[in-house]
Amino acid sequence: MSGENYKILVIDDEKHNIDVLNEILSPMYEVLISKDGLHGIKMAKEIVPDLILLDIIMPDMSGFEVIQTLKGSDVTRRIPVIFITGLDSYKDEEKGLLLGAADYITKPFRNAIVKARVKTQLQVVEYIRALERIGMVDALTDLPNRRSFDKQLENEWGRAKREKTPISIMVIDIDKFKVFNDTYGHAQGDVVLQYVAKSFKNTLKRPADYVARWGGEEFVIILPHTDLEGALTISELIRTDVEKLKIPYNDSFLSVTVSIGLNCEVPPRYSYPAEFLSKADKALYAAKEAGRNVVMPSAAAL
Ligand SMILES: [Mg+2]
């Protein structure tokens with residue numbers, strides 16, 4: 001948080017909420033206000049704020065509709081949105097997160113919580129911008145890109161070799177993505193890539209686990225200090241969490257599946273990360289041959 005003057009857009013129809021949020025946030029940030037969804041979207045497109053706080057229940061356009069519009073526009077898609085609302089059932093929370101909200105705060109809100117969650121989101125924004133500056137991030141999914149992955153794999157492989165510990169890698173491909181794109185269009189294909197990327201991030205819990213977009217509809221995950229058994233468990237979770245995704249499409253939902261090639265090794269003394277990766281990639285082909293939507297360990301895996 002380098003003293004930059006962050007702009008936060010609050011979209012809420014109730015004056016009281018606006019006043020409270022303004023009081024909490026304006027000492028640190030530039031707070032902009034809109035009292036309805038349509039106007040809020042217009043402001044978001046013009047100003048491109050760093051963060052949006054969005055009420056759900058509003059008279060003309062609900063927060064759910066607002067976020068769908070924001071996520072559907074190239075200009076506003078990447079602005080993180082925190083829902084602020086009186087709805088506190090987990091169903092609403094789930095819906096909000098499915099629609100791409102970064103976080104969720106329920107009313108009546110506590111000042112410290114609002115401050116902390118806003119700060120967290122702005123730190124994520126800052127982190128992504130830092131990666132962008134050095135050309136290491138994939139702009140569509142906000143995941144590290146191939147260039148970043150190559151470095152990460154080299155580092156982790158080197159470390160596993162020195163420490164003689166197992167390292168696992170997954171190469172993941174979205175099943176029949178080309179058919180999907182032809183059927184629903186590339187814009188919807190991009191939405192799928194974003195949802196799948198987010199699902200990977202949500203499934204991976206340990207700080208050292210690393211996911212990147214490798215290119216097209218392919219992703220890679222590095223699991224340091226992870227043996228085959230552990231990697232199989234995580235791969236299955238990755239696969240089933242994607243299978244459970246409900247991706248908004250018009251008034252309904254779409255679903256997709258992934259195939260996963262897995263490799264796990266304690267790096268041999270004379271060995272290269274490229275071979276390690278290529279064995280996982282071969283296993284991915286075997287997963288496709290086996291009918292897709294499966295995890296296939298490499299023959300070389302421990
Ligand atoms: Mg309201």
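This report describes two sheets and the helices around them in a predicted model.

Residues are numbered from 1 along each chain as its sequence is written. Because the model is predicted, local features need pLDDT of at least 70 and side-chain atom pairs count only at pLDDT 80 or more, while totals for chains, interfaces and linings use all residues. Helices (H or I, at least four residues) and strands (E, at least two) are DSSP runs, numbered from the N terminus.

## The parallel sheet

An open sheet of 5 strands follows the order E2-E1-E3-E4-E5, with parallel pairing; two strands pair if DSSP finds at least two bridges between them. E2 and strand E5 (103–106) stand at the edges with a single partner strand each, so one side of each has no neighbour in the sheet. The twist from one strand to the next averages 20°. Axes are lines fitted to C-alpha atoms, for helices over the stretch in contact, and angles run from 0 to 180 degrees between N-to-C directions.

Strand E1 (residues 7–11) is largely enclosed by the rest of the structure, because 4 of its 5 residues are buried. A residue is buried if 20 or more other C-beta atoms lie within 10 Å of its own, exposed if 12 or fewer, and partly exposed in between, with C-beta atoms placed from the backbone. E1 is joined to strand E2 (residues 30–34) by 5 bridges in the parallel sense, and Val10 stands opposite Ile33 in E2. Between these two strands the chain passes through helix H1 (residues 15–25), and this β-α-β crossover is right-handed. A crossover is right-handed if, with the strands pointing away from the viewer, the path from the first strand over the helix to the second runs clockwise.

E1 also pairs with strand E3 (residues 51–55), in the parallel sense over 4 bridges. Here Ile11 stands opposite Leu54, and Leu9 stands opposite Ile52. Helix H5 (residues 111–133) packs on this sheet and touches E1, E3, strand E4 (81–85) and E5; the direction of H5 makes about 170° with that of E5. Two residues are in contact if their C-beta atoms, placed from the backbone, lie within 7 Å.

His39 belongs to helix H2 (residues 37–47). This residue is partly exposed, with 14 other C-beta atoms within 10 Å. His39 and Ile11 are 28 residues apart in sequence and 8.8 Å apart in space, C-alpha to C-alpha.

## The mixed sheet

Another open sheet has 5 strands in the order E7-E8-E6-E11-E12, and its pairing is mixed. Strand E7 (210–215) and strand E12 (295–297) are the edge strands, each pairing on one side only. Neighbouring strands are turned by 20° against each other on average, direction ignored.

Strand E6 (residues 167–174) has 8 of its 8 residues buried, so E6 is largely enclosed by the rest of the structure. Both faces of E6 are covered: one side carries the buried residues Ile167, Ile169, Val171 and Asp173, and the other carries Ser168, Met170, Ile172 and Ile174, also buried.

The strand pairings described for this sheet are as follows.

| Strand pair | Sense and bridges | Facing residues |
|---|---|---|
| E6 and E8 (residues 218–224) | antiparallel, 7 bridges | Ile172 opposite Phe219 |
| E6 and E11 (residues 258–265) | antiparallel, 8 bridges | Val171 with Gly261 |
| E11 and E12 | parallel, 3 bridges | Ile260 opposite Val295 |

Helix H6 packs on this sheet and touches E6, E7 and E8, its direction making about 135° with that of E7. Helix H9 (residues 228–243) also packs on the sheet, touching E6, E8, E11 and E12, and its direction makes about 165° with that of E11.

## Contacts between helices

The axes of helix H6 (residues 146–163) and helix H10 (residues 273–289) come within 10 Å and cross at roughly 105°. That angle makes H6 roughly perpendicular to H10. Angles under 35 degrees count as roughly parallel, over 145 as roughly antiparallel, 65 to 115 as roughly perpendicular and the rest as oblique. Leu153, Glu154 and Trp157 of H6 meet Pro273, Phe276 and Leu277 of H10. By class, this contact has 5 nonpolar residues, no polar ones and 1 charged. Ala, Val, Leu, Ile, Met, Phe, Trp, Tyr, Cys and Pro count as nonpolar, Asp, Glu, Lys and Arg as charged, and the others, Gly among them, as polar.

Helix H7 (residues 177–184) packs against helix H8 (residues 186–203) at an angle of about 135°, with their axes 7 Å apart. H7 is therefore oblique to H8. Phe177, Phe180, Asn181 and Tyr184 of H7 make the contact with His186, Gln188, Gly189 and Val192 of H8. The residues of this contact divide into 4 nonpolar, 4 polar and no charged.
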